[in-house]
Amino acid sequence: MNVHRELFELSIYVRQKFINVIDSATVDELKQDGSLKYLLQYACDHCGISSQRIGEIMEASYATISRWKSGKATPHPQYRIEVIRKLRDAIESDMQDLKKP
């Protein structure tokens, strides 16, 4: 067993599963209160993306991202979809970068 290879494949799998969850969710599901909080937490904890990077992608401050992650605040429901899509695209981009030789 090649531990490095197994962990690499696991990281790709986790990112792909995250993308699949977003892609298969309905707009109403993504607009629900709490969905952004859980997606942000999961992305940071399991997909290797930092809150700082999320802030850069969303053009939002670290404090704003922190409030979103904790559920203390959320963007307007119409903007939530854009935020989630940007997060999805960033994770997909990272995954593609990982796959490059």
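Here are some questions and answers about the predicted model shown above.

Me: Before we start, what is the mean pLDDT of the protein chain?
Reply: Good place to begin: this is a predicted model, in which local features need pLDDT of at least 70, side-chain atom pairs count only at pLDDT 80 or more, and totals for chains, interfaces and linings use all residues. Residues are numbered from 1 along each chain as its sequence is written, and side-chain values use heavy atoms, with hydrogens and water left out. The score pLDDT is the predictor's confidence in each residue, from 0 to 100. In the protein chain, 99% of residues reach 70 or more, and the mean is 91.

Me: Which helix has the lowest confidence?
Reply: Helices here are DSSP runs (H or I, at least four residues), numbered from the N terminus. Confidence is highest in helix α5 (residues 62-70), at 94. The lowest mean, 85, belongs to helix α2 (residues 27-31).

Me: Which residues touch the most other members of the largest nonpolar core?
Reply: A nonpolar core is a set of buried Ala, Val, Leu, Ile, Met, Phe, Trp, Tyr and Cys residues joined through side-chain atoms within 4.5 Å. Buried means under 20% relative accessible area, exposed over 50%, and partly exposed in between (1.4 Å probe, protein chains only). Of the 25 residues in the largest core, those touching the most other members are F18, I54, L87 and I91.

Me: Which element gives the most to this core?
Reply: Two or more residues come from each of α1, α3 (35-46), α4 (51-58), α5 and α6 (77-99). The element giving the most, with seven residues, is α6.

Me: R15 is buried, so what is its nearest side chain of opposite charge?
Reply: R15 is found in helix α1 (residues 3-24), and has no salt bridge (a side-chain nitrogen of Lys or Arg within 4 Å of a carboxyl oxygen of Asp or Glu). For charge, Lys and Arg count as positive and Asp and Glu as negative, while His and the chain ends are not counted. At 5.5 Å away, the nearest side chain of opposite charge is D94.

Me: Which residue's backbone oxygen lies 2.8 Å from a polar atom of the R15 side chain?
Reply: Contact means heavy atoms within 4.5 Å. Leaving aside neighbours within four places in sequence, R15 is in contact with residues including G48, I91, M95 and L98. The backbone oxygen 2.8 Å from a polar atom of the R15 side chain is that of C47.

Me: How far apart in sequence are D23 and R88?
Reply: These two form a salt bridge, with the closest N and O atoms 2.7 Å apart. D23 is partly exposed at 42% relative accessible area, while R88 counts as buried at 11%. D23 lies in helix α1 and R88 in helix α6, so the pair ties together parts separated in sequence by 65 residues.

Me: Which residues are linked with R88 in a network of salt bridges?
Reply: R88 also forms a salt bridge with E92, the closest N and O atoms being 2.7 Å apart. R88 and E92 are four residues apart in helix α6, so about one helical turn separates them. The residues linked with R88 in the network are D23, D89 and E92.

Me: What separates the C-alpha atoms of K31 and H76?
Reply: K31 has its place in helix α2 and is partly exposed, with a relative accessible area of 21%. Leaving aside neighbours within four places in sequence, K31 is in contact with P77, Q78, R80 and I81. K31 and H76 are 45 residues apart along the chain, and their C-alpha atoms are separated by 8.8 Å.

How values were computed. A polar contact is a pair of N or O atoms within 3.5 Å; within protein, one must be able to donate a hydrogen and the other to accept it, and residues adjacent in sequence count only if both atoms are side-chain atoms.
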